[in-house]
Amino acid sequence: MLILHNNIVSRLCTGFTYGISFQNDLWYVFQNTGRYGRIISFELKIDKNEYYKFDYKNFNYLGLSAGIHQIDYYNGVLYATDTYNNRLIIFKGKGKKYFYPNGKLKNGRRSINYNHFNSIYFNRNKLYMIAHNETVKSNRTSEIYVFSLSENHELNFSQLISTDAKNAHNISILNDRFIYCDTMDGIVMLGEDVFFENKSFLTRGLSITKEFIAIGGSAFAKREDRLNKDSMVWILDYNGNQKATIELNGIGQVNEIRCLTGDLALSDSSKNNYT
């Protein structure tokens, strides 16, 4: 996990990480430990040299699937996409329960109902969930599943939205329209319009602030080569115009991007005060 501050990129912690969320002055990240994974919490503090310091707090949830992708807090509840098991894990206090958006799998990732759910965003008590659908393997384009959230945290199916995206990632709302990454095509979609495009890279990782939008770009690579490929982050304005490019040479593919000073792509962004 890397941090960019004052135009300097530094490593906060080692290992393969994915989803990042924030709640009550703590950051949370999923960390793959090999066969399994865990969600850890930490603080970020600025030292006397104005560098951010990683201050580990706790191993919050252990023994998770290695296939967790995005995680996000909403109304004090932590949600995690257990992607390889085609389900959502809902953590509340020390307990957890599972939600299956498209039923349980009968034949693992080879099941006909396997969707590779990888990204989530809550807005006004609705959950928007990306079904990646492994387009390259299945020839099924990605979809957006919509669920309503009841007062007792029950999720009920509301709508299924088709897209032309291939292996999509990330989902949020910008100017009352969906914004998401059409990963294999190197595109960021805003509603039905192309918001940004760079065919030379995979698009994955989305951060939205009041000033700019950050998009992750990763080099095409076989899975075994993904950890040392070049990547970049594009900084865009609200019209999709590229304002800056941050090159990340040899760091591997970008999975997630979050802005420390306030990220509107986080579900609970309006309730959190970032430092």
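Strands here are DSSP runs of E, at least two residues long, numbered from the N terminus. Keep in mind that this is a predicted model.

**Exercise 1.** Work out which strand holds valine 9 and how that strand pairs.

*Solution.* Start with the location: valine 9 sits in strand E2. Next, look at the pairing: E2 covers residues 8-11 and runs antiparallel to E1, residues 2-5, with four bridges joining the two. One of the partners to check is histidine 5, which is bridged to isoleucine 8 in E2. Finally, trace the link: two residues lie between E1 and E2 in this hairpin, and asparagine 6 in the turn has a positive phi of about 55 degrees.

**Exercise 2.** Decide whether valine 9 is buried, partly exposed or exposed, then find its surface patch.

*Solution.* Take the cut-offs first: buried is under 20% relative accessible area and exposed is over 50%, with partly exposed in between. Valine 9 comes in at 38%, so it's partly exposed. Now for the patch: Val9 joins Leu2 and Leu4 in a nonpolar surface patch, and together they have about 220 Å² of accessible area.

**Exercise 3.** Do the same for serine 172, and list what it touches.

*Solution.* First, place it: serine 172 belongs to strand E15, residues 169-174. Its relative accessibility is 0%, so serine 172 counts as buried. Then go through the contacts, skipping neighbours within four places in sequence: serine 172 meets Tyr121, Arg177, Phe178, Ile179, Leu206, Ile208, Leu264 and Ala265. Last, try a distance: serine 119 is 53 residues away along the chain, and its C-alpha is 9.4 Å from that of serine 172.

Conventions
Residues are numbered from 1 along each chain as its sequence is written. This is a predicted model: local features need pLDDT of at least 70, side-chain atom pairs count only at pLDDT 80 or more; totals for chains, interfaces and linings use all residues. Side-chain values use heavy atoms; hydrogens and water are left out. Two strands pair if DSSP finds at least two bridges between them. Patches are made of residues with over 30% relative accessible area and no salt bridge: like charges are joined within 9 Å, nonpolar side chains (Val, Leu, Ile, Met, Phe, Trp, Tyr) within 5 Å. Accessible areas come from the Shrake-Rupley method with a 1.4 Å probe; for residues, only the protein chains shown count as cover. A salt bridge is a side-chain nitrogen of Lys or Arg within 4 Å of a carboxyl oxygen of Asp or Glu. Buried means under 20% relative accessible area, exposed over 50%, partly exposed in between (1.4 Å probe, protein chains only). Contact means heavy atoms within 4.5 Å.
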